[in-house]
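Reader: I should like to learn how to read the features of this structure. May we go through them one by one?

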Amino acid sequence: MSENKNIPSVIQLNNYVKPVLQEVKSKEWILNGENNEYFDYVKERYIGSPTNSAIINTYKALSFGKGLSAKNANKKPLDWVKLLSILPKNDLKKVVDEYLLQGNAAFQVIKNKGGNEPAKLKHLPIKTLAPQKANEEGEVEGYWYCTSWADYRKEAHKPIYFSKWTPDTSEDITILYINDCETDTNYYSLPNYQSGLQYAQMEEEISNYYINHIKNGFSFGYVVNMNNGIPETPEMRLEIERKIKSQLTGSSNAGKMVVSFNNGKDAEITIVPLVESASHKQWETINKESEEKLMRAHRVVSPMLFGIKNSTGLGNNADELDTALKLTMDMVINPIQYFILDKLEPVLESAGIVLDLYFKPINEEEQQAEQEQKQPQQLSDENPSRLLIELGEDAPDANEWELISSEAINGVPLEDSKLQLAALPSTPKNKSDQDNALFKIRYVYAGNPRGQRQFCKDMIRANKVYRKEDIDAASKKVIQKNMGPRGSDTYDIFLYKGGVNCNHFWQRQIYLRKNNKKISVNQAQKMILELDPSDRADVRLPKNDPKVAQAASAANNFWKL
């Protein structure tokens, strides 16, 4: 009879758990898995998988960047200040982080006392919320809040209902729920990397396996021989297997367990370890597979962006990182940022805040500088700096002239250390009245490289040197309309640079003729500092109006419109 034969059975490791929406009978909410625990399951896969956490952490940093900013903040300062008071930076970061991890996030919208406008947006942990069952039109009208859904029957954790935020909501506290469900009846979004969660769990279990495989003396598993007879019923057999499984299986007891029921002669239970010296090789393969599948689920362009080095790439390291970052921002990060801002803007507009919002990139300053450097320097007729730039020249020939001083005139120091001074290229242009047999005097437009006005930006980018005569000639032309004294179109550019309130200045560059046999570099530099003034006309340096070296400020504003 079959009951007298050995009947072995194999007990597998834990199975992957998929989310199941839990509709509680007689209740008005829908839970994301039993007791809303699927959110915890997703978070555990984030904590336990090194690949999963590395990718998500990088996406969090790129998505939030340096926080929220507005392109028109300077034009709407009151709106910007109001935004900062309504939307705390830390709460916004929590929402961004949670949306990236869970695919769902939520704000608590709190109105001001006695008013109708939102006064504060506060983050709410997503696992504390459950959507109200959809109405007949398939719309969710509100959400239930509970600090512990496993204990919702207890008075201390009794669920509280809040309406969904809409522009017409009259309640003082409402919920702005952020997800990308196609319809309300889907209730919850899945994480964007949902298909990779089982591989995150696999990576986690493999790490547990490695540790416990060592602790268990590299045992590959066990055969449990039940020699005291075969259970009379299948139910009894399953109960015995369940009890053994609860003690011996799982990643903390690496491998499989085989249970064999026998009519052994001594009716003893024996546990035989299976030793396999090469078992680690299959786990290395599975571990590598898990890592690759996780990166695919997250749409990783290059592993190097997340600190993972492999043999495949887009070129050398620098090129690969730059290309990977751009593609990641375009394909993954920007759509997430736009989606969150799209959900936020109606709430802000109801508070009277209308701003062109964006998340400020971590490397925004470097990006702007790079874009400015890449911009073509061809100047159109409409460009206000064209006339002056065309009068400029490259610096004197380095084989004939040596730059011995580059300073703001009259001893005013150059404050912006990032300013690149003129190089020393080819032939000099026309002679200046300020030049003499030993010295050549030229001027460079100096100050903040980015500038406040297009004229100033172009002048800095052109990197030309000028004679005083060139600057005087440009002063007779219309360079900056309405930027002179009392709104005039022409003015003294040598004194007033880019016009009223311009923060730039002219920097004097002094070149000494090489091998002149009359004066050394040290002697020339002393003359510049007036430590050794000379009465000789052929070496005397010119004096300029102090305004030439001064930028406009509250204490130094030479005219007003």
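Author: Let us begin with a term: buried means under 20% relative accessible area, exposed means over 50%, and partly exposed lies in between, with a 1.4 Å probe and protein chains only. This is a predicted model, in which local features need pLDDT of at least 70 and side-chain atom pairs count only at pLDDT 80 or more, while totals for chains, interfaces and linings use all residues. Residues are numbered from 1 along each chain as its sequence is written, and side-chain values use heavy atoms, with hydrogens and water left out.

Reader: What percentage of the residues in the protein is buried?

Author: Of the 561 residues, 43% are buried. Accessible areas come from the Shrake-Rupley method with a 1.4 Å probe, and for residues only the protein chains shown count as cover. The protein exposes about 30,700 Å², of which carbon and sulfur atoms supply 50%.

Reader: How many helices and strands does the protein have?

Author: Helices (H or I, at least four residues) and strands (E, at least two) are DSSP runs, numbered from the N terminus. The protein has 14 helices and 17 strands.

Reader: Which residues have the most contacts inside the largest nonpolar core?

Author: A nonpolar core is a set of buried Ala, Val, Leu, Ile, Met, Phe, Trp, Tyr and Cys residues joined through side-chain atoms within 4.5 Å. The largest one has 42 residues, and Leu 83, Leu 92, Phe 107 and Leu 357 have the most contacts inside it. Several elements each supply at least two residues, among them helix 2 (50-64), helix 4 (89-102), strand 5 (105-111) and strand 10 (173-178). The largest share, 9 residues, comes from helix 8.

Reader: Which residues does Leu 92 touch?

Author: A contact means heavy atoms within 4.5 Å. Leaving aside residues up to four places away in sequence, Leu 92 touches Phe 64, Leu 68, Leu 87, Phe 107, Leu 344 and Phe 359. A second, separate core has 29 residues, including Ile 441, Tyr 445, Ile 510 and Ala 524. Among the contacts in the protein with a separation of 6 or more, 72% are between residues 24 or more positions apart.

Reader: How is a helix to be read, and how many residues of helix 2 are buried?

Author: An α-helix has 3.6 residues a turn, so residues three or four places apart point the same way. The expected span of a helix is 1.5 Å times one less than its number of residues. Helix 2 has 15 residues and reaches 21 Å from its first C-alpha to its last, close to the 21 Å expected at 1.5 Å a residue. Helix 2 is mostly covered, with 11 of its 15 residues buried; among them are Ile 55, Ile 56, Tyr 59, Leu 62 and Phe 64.

Reader: In what order do strands 6, 5 and 10 stand in their open sheet?

Author: Two strands pair if DSSP finds at least two bridges between them. These 3 strands form an open sheet in the order 6-5-10, with antiparallel pairing. Strand 6 and strand 10 are the edge strands, each pairing on one side only. Axes are lines fitted to C-alpha atoms, for helices over the stretch in contact, and angles run from 0 to 180 degrees between N-to-C directions. Neighbouring strands here are turned by 25 degrees against each other on average, direction ignored. Helix 4 packs on the sheet, touching strand 5, strand 6 and strand 10, and its direction makes about 150 degrees with that of strand 5.

Reader: How many bridges join strand 5 and strand 6?

Author: In a regular strand the side chains alternate between the two faces of the sheet. Strand 5 and strand 6 (residues 118-123) pair in the antiparallel sense over 5 bridges. Ile 110 stands opposite Lys 120 in strand 6, and Lys 111 stands opposite Pro 118. The two strands form a hairpin with 6 residues between them, and Gly 114 in the turn has a positive phi of about 75 degrees.

Reader: Which value of phi does Asn 35 have, and is Asn 36 buried or exposed?

Author: Most residues other than glycine have a negative phi, and most peptide bonds are trans. Asn 35 has a positive phi of about 60 degrees although it is not a glycine, and phi of Asn 36 is near 60 degrees, also a positive value. Asn 35 is found in the loop between strand 3 (30-32) and helix 1 (38-48), and Asn 36 lies in the loop between strand 3 and helix 1. Asn 35 counts as partly exposed because its relative accessibility is 25%, whereas Asn 36, at 2%, counts as buried.
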